[in-house]
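Please consult the sequence and the three-dimensional structure below while reading this explanation. The paragraphs move from the pockets to a single helix and then to one residue.

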Amino acid sequence: MNRRPRVLALAAAAGLFLLTSCSSLSGLSATATTTALRCENPQAVMLVVGAHLDAPEPSLGPSVMCQLTAAVRDGKPVRIVVASGQPQLIDPRLANVTGGTLAQHDSPRVQHDVQRVAAAVAAARPEAPGVDDLAALAVAADEARSVGAAQADLVLIDSGLDDRGALDFTVPGLVAATPAEVAAQLKAAGNLPDLRGFTVVLVGIGYTAAPQPPLSDKWRTNVTSIWVSVLQAAAARVEVIPQPGQGPSVSTDEPVRLIPVPATQQVKPGTRTTIVFTGASPVRFQPNTTAFVDPAGASRALTPIASWLAADRSRHAWLEGTTADVGPLSGQRSLSVLRAGHVRDVLVSLGAAATQITVKGVGSDFPQFTPDRNAAGTLLAGPATLNRSVRITLG
């Protein structure tokens, strides 16, 4: 797609905003995070807004306003999709002017139409319970194609925490799931929308409003990474504007379901105590390896156990590694014992004695295993995340 740069009056402010707002998303690929202003000539702008409970009231922000102004100035289609459980399409009915003084950036017509769109976003309310941003993007893509804009910008302004549909974050473990596994699950089930040719701009992903519990930087980054992986699997070009959502949600009676957020694990060692570290805990491994995602966080979580063992050499810890149902059971057991062994090594480095620790690996063959494949055999990313664990029994 060829675009010609159009730097508008908001350029300086928007550029500063983007450059000072991307630190919390440092874990994302640089190609996915917008760090410079993109104020160009869109074929169309489809605003998918999270006007529902549990997410901050949608705000267009400087960068989106700049892109919206470019579209309005050039007479390109602008639509709004409200991302409820049943997404609804809003046509703000703007003037169709493509030339002359009325098409200039600072003309009253342009400013009036931009304000009209902003007012429509502010007035948007859900007409059904729940949130389904993925379905709303599909509606936006269909509308863009219907108006002849097969390379439109689809701008999602929401928390991204769907409570239904294909990307349902109420499923335990999904907030902490491996992004590539979530995308693979949706692709295998045929649940990816067709977003070929489109640019999807993600704004404010992972930011919540009461009563939805907030996400930490770590989980907000992971949810954003999940969205990037899913949208790229749907053949979209993805940009991330790390605009922090703030304030309360819109006023509406349409309910949404709370998304379970991994809790900060309080490790309290004691005799006959079992402590479980899953893939939603600080003791979280990179896919198919024995390396921790966050070595410092894993060390902090394991320190109380090491100190408890070091305080009395007669104490003992039995470490049992488990896995998701991926590959043959023999391979699962090999990986799980290696992971449990890595936890043992960290405990020893923190003051425990190797003779105090017994290690074994059982793969997916353990009583607490949650089925993590559907009837078609597709791996389910949420349950798989929770099945990957190291279970520590103290005595």
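Among the elements of this predicted model, helix α8 gives the most to the lining of the largest pocket, namely 4 residues. Helix α8 covers residues 329-349, and the other elements that give two or more residues to this lining are α5 (179-188), α6 (217-233) and β10 (389-394). The pocket itself holds about 570 Å³ of space. In total, 29 residues line the largest pocket, and those nearest its centre are T178, F285, Q286, P287 and V293. What is the make-up of this lining by class? The lining of the largest pocket consists of 13 nonpolar, 10 polar and 6 charged residues.

The second largest pocket may be described in the same manner. Its space amounts to about 200 Å³. Its lining is formed by 16 residues, and E57, Q243, P244, G245 and Q246 are the ones nearest the centre. By class, 7 of the lining residues of the second largest pocket are nonpolar, 7 are polar and 2 are charged.

Attention may now turn to helix α4, which comprises the 14 residues 133-146. How far apart are the end C-alpha atoms of this helix? At 1.5 Å a residue, helix α4 should span 20 Å, and its end C-alpha atoms are indeed 20 Å apart, so the expected and computed values agree. Several residues of α4 are buried: D133, L134, A136, L137, A140, A141, E143 and A144. Just after α4 comes G148, whose phi is positive, at about 75 degrees.

The final step concerns a single residue, T322, which is found in strand β8, residues 317-322. Is T322 buried or exposed? The relative accessible area of T322 is 1%, and a residue counts as buried when this value is under 20%, so T322 is buried. The surroundings of T322 can be traced through its contacts. Leaving aside residues up to four places away in sequence, T322 touches S336, V362, G363, F366, N387, R388, S389 and R391. With two of these residues, the distances between polar atoms can be stated. A polar atom of the T322 side chain lies 2.6 Å from the backbone oxygen of N387. The side chain of T322 also makes a polar contact with the side chain of S389, at 2.5 Å. The reader may locate T322 in strand β8 and then follow its side chain to N387 and to S389.

Notes. Residues numbered from 1 in each chain as written. Predicted model: local features only at pLDDT ≥ 70, side-chain atom pairs only at ≥ 80, totals over all residues. Heavy atoms only, no water. Expected span 1.5 Å × (residues − 1). Buried < 20%, exposed > 50% of the residue type's maximum accessible area, 1.4 Å probe, protein only. 1 Å grid on protein atoms, 1.4 Å probe; cavity = no way out; pocket = protein on both sides within 12 Å on 5 of 7 lines; lining within 4 Å. Points joined across faces, edges and corners; volume = space filled by probe spheres on them. Nonpolar A, V, L, I, M, F, W, Y, C, P; charged D, E, K, R; others polar. Polar contact = N/O pair within 3.5 Å; in protein donor to acceptor, adjacent residues only side chain to side chain. Contact = heavy atoms within 4.5 Å.
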